[in-house]
Amino acid sequence: MTLPSGELPYQTPGPVVAPPPPPRRFEWRRAAWLGGLVAFIALCGIGILTYVGYNIGPVALAVGFVAAIIPVPVLVISFLWLDRYEPEPVKYLLFCFAWGAFVATSVALAVNTGGAWLFRHVGLPDALVAVVVAPVIEESMKAAGPILLFWRRREAVSGVVDGIVYCGLSATGFAMVENILYLGGYGYAANADKGGVAQAVAAVIAIFIGRIVLSGFAHPLFTSMTGIGLGVAARTGDRWVRRLAPVAGLLTAMLLHSSWNLMATVANEANQPLVLLYGYFSVMMPIFFGMVGFAIWLRGYEARLTQRVLPVYVRAGWLSPPEVASLATVGRRLSARRWARRVAGEPGAGAMRGYQFTATQLALLRDAMQRGSARLTPQSAQQEERRLLDAITAYRAVYTGRDPLAPQALWDGSRYLLRFPDGQVREWQPPAQPVVPVPLVLAPASGGTPPPY
């Protein structure tokens, strides 16, 4: 997609007057679709918990639930930390988590159970289900929720970080419910009947160490591969890459999952735990740490992207150099928020947070425009760009000009206009490293050339 160059149908910043919101009307079709989706997820949740509770008993279900919920906050916080620069809507995050916890587990349990019955019927060992059937159905269903979100709300996935976060949360929900079955059923219930409560608790602790402490990252790691594919598809302008990237990510997730299950199956069938330990330290841990490093690099990518993309708005007079510089690192962002709180109180700090979030969205949008992302048309791109620029202007108005210790300054797109104590306004060229933050306001709209695409 090539967007038109030249002037946009709006000028550089001036007073922003928000239009009255259009009257909202009830959309029956959308309400029915959302209602049906929520009801489906709820039914799956009730069904899977009822099934597990019926098979292992209420006490084992409670023990499994308490033990399985322990790692969830750690994993969720990790994904939210990764998504800190451009936080996703909470409703989308909850949807992906609930999908993985209830829908994916329900379908996977049914298919795995049916696969085990079929394998026994044809004379194949049940262990093959873990290697052949489980990776395919589990990874497909964990990815189905984020893929559905990408299909219905394509703007929700703006890059690889978003894909990893959505798929990782879906996998976290899946792992939570699966751990309830293992900890409560194979751990507590199976051992309480044999050796009493003491043996059951010991079994729960052993399974907790194996499945959560040592390999609690497995499901999120596998499904994050699909998230990378979704993120690449969201950002590319190539039709074939857009189609093949999610498929390649899903196949990689299945391969990793199958390899892990194969090592565990071989170790169990041969009664050689060293096989699993060798695979854990020589294969899974390097992949895990590689993925962590990649995720940390991606987290900083959005900050680096603001420094590469947003200067075009500086030259057009929409943003000032210190404003862009203040987005470069988490430390600078926090410093800017503290300054905004000092000069304008809590409303100023909130406005600064809103500015930072919106400016990051603007950088991602501009980058997607330049890449020719399929989720954008020229008209929708211009409308979204103008909306973000207007929001930035509104946020800026809350805290600019409030610092009595700072000189009055304007930025006109190429130089500062500073008012000195003698009342004279003098031009000042921007330094190589802008001071952060500087409470600048922008020059009045001049109708100059806006940033070309």
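In the predicted model, phenylalanine 281 is exposed, with a relative accessible area of 57%. Its sequence neighbour in the numbering, tyrosine 280, is instead buried, at a relative accessible area of 9%. Phe281 and Tyr280 both belong to one aromatic cluster, which is completed by Phe217, Trp260, Phe288 and Phe289.

Aromatic pairing was examined over the whole structure, and the search returned 10 aromatic pairs. In one of these, the rings of phenylalanine 40 and tryptophan 99 have centres 6.4 Å apart and planes at 55°, so the pair is classed as tilted. This pair links distant parts of the chain, since phenylalanine 40 lies in helix H1 (residues 28-56) and tryptophan 99 in helix H4, 59 residues apart. The two partners also fall into separate accessibility classes: phenylalanine 40 is partly exposed, with a relative accessible area of 38%, whereas tryptophan 99 counts as buried at 8% relative accessibility. For tyrosine 280 and phenylalanine 281, the ring centres are 4.9 Å apart and the planes stand at 90°; because this angle is over 60 degrees, the pair is edge-to-face.

Two further residues of helix H4 were considered. Threonine 105 is placed in helix H4 and is buried, with a relative accessible area of 6%. When neighbours within four places in sequence are left aside, threonine 105 is in contact with Ile48, Gly100, Phe174 and Val177. Tryptophan 117 is likewise found in helix H4, which spans residues 90-121. In contrast to threonine 105, which is buried, tryptophan 117 is exposed, with a relative accessible area of 53%. The C-alpha atom of tryptophan 117 is separated by 9.8 Å from that of valine 129, a residue 12 positions away along the chain.

Helix packing was then described for two pairs. Two packed helices are characterised by the angle between their axes and the distance between the axes. The axes of helix H2 (residues 58-69) and helix H6 (residues 160-214) come within 9 Å and cross at roughly 140°. The two helices are therefore oblique to each other, and H2 passes H6 in a right-handed crossing. On the H2 side, the contact is made by Val59, Ala60, Leu61, Val63, Gly64, Phe65, Ala67, Ala68 and Ile69. The H6 side contributes Met176, Asn179, Ile180, Leu183, Gly184, Tyr188, Ala189, Val204, Phe208 and Ile212. By class, the contact of H2 with H6 comprises 16 nonpolar and 3 polar residues, with no charged residues.

The second pair consists of helix H5 (residues 127-152) and helix H8 (residues 239-269), whose axes come within 8 Å and cross at roughly 150°. An angle over 145 degrees counts as roughly antiparallel, and H5 is therefore roughly antiparallel to H8. The crossing of H5 and H8 is right-handed. Residues of H5 that make the contact include Ala127, Ala130, Val131, Ala134, Pro135 and Val136, together with Glu138, Glu139, Ser140, Lys142 and Ala143. Those of H8 include Leu250, Ala253, Met254, His257, Ser258, Asn261, Leu262, Thr265 and Glu269. The contact of H5 with H8 divides into 11 nonpolar, 5 polar and 4 charged residues. Charged residues are thus present in the contact of H5 with H8, whereas the contact of H2 with H6 has none.

Conventions. Residues numbered from 1 in each chain as written. Predicted model: local features only at pLDDT ≥ 70, side-chain atom pairs only at ≥ 80, totals over all residues. Heavy atoms only, no water. Axes fitted to C-alpha atoms, helices over the stretch in contact; angles between N-to-C directions. Helix = DSSP H or I, 4+ residues; strand = E, 2+ residues; numbered from the N terminus. Parallel < 35°, antiparallel > 145°, perpendicular 65-115°, else oblique. Left-handed = near helix turned anticlockwise from the far one by under 90°. Contact = heavy atoms within 4.5 Å. Nonpolar A, V, L, I, M, F, W, Y, C, P; charged D, E, K, R; others polar. Buried < 20%, exposed > 50% of the residue type's maximum accessible area, 1.4 Å probe, protein only. Phe/Tyr/Trp six-rings, centres within 6.5 Å; stacked < 30°, edge-to-face > 60°.
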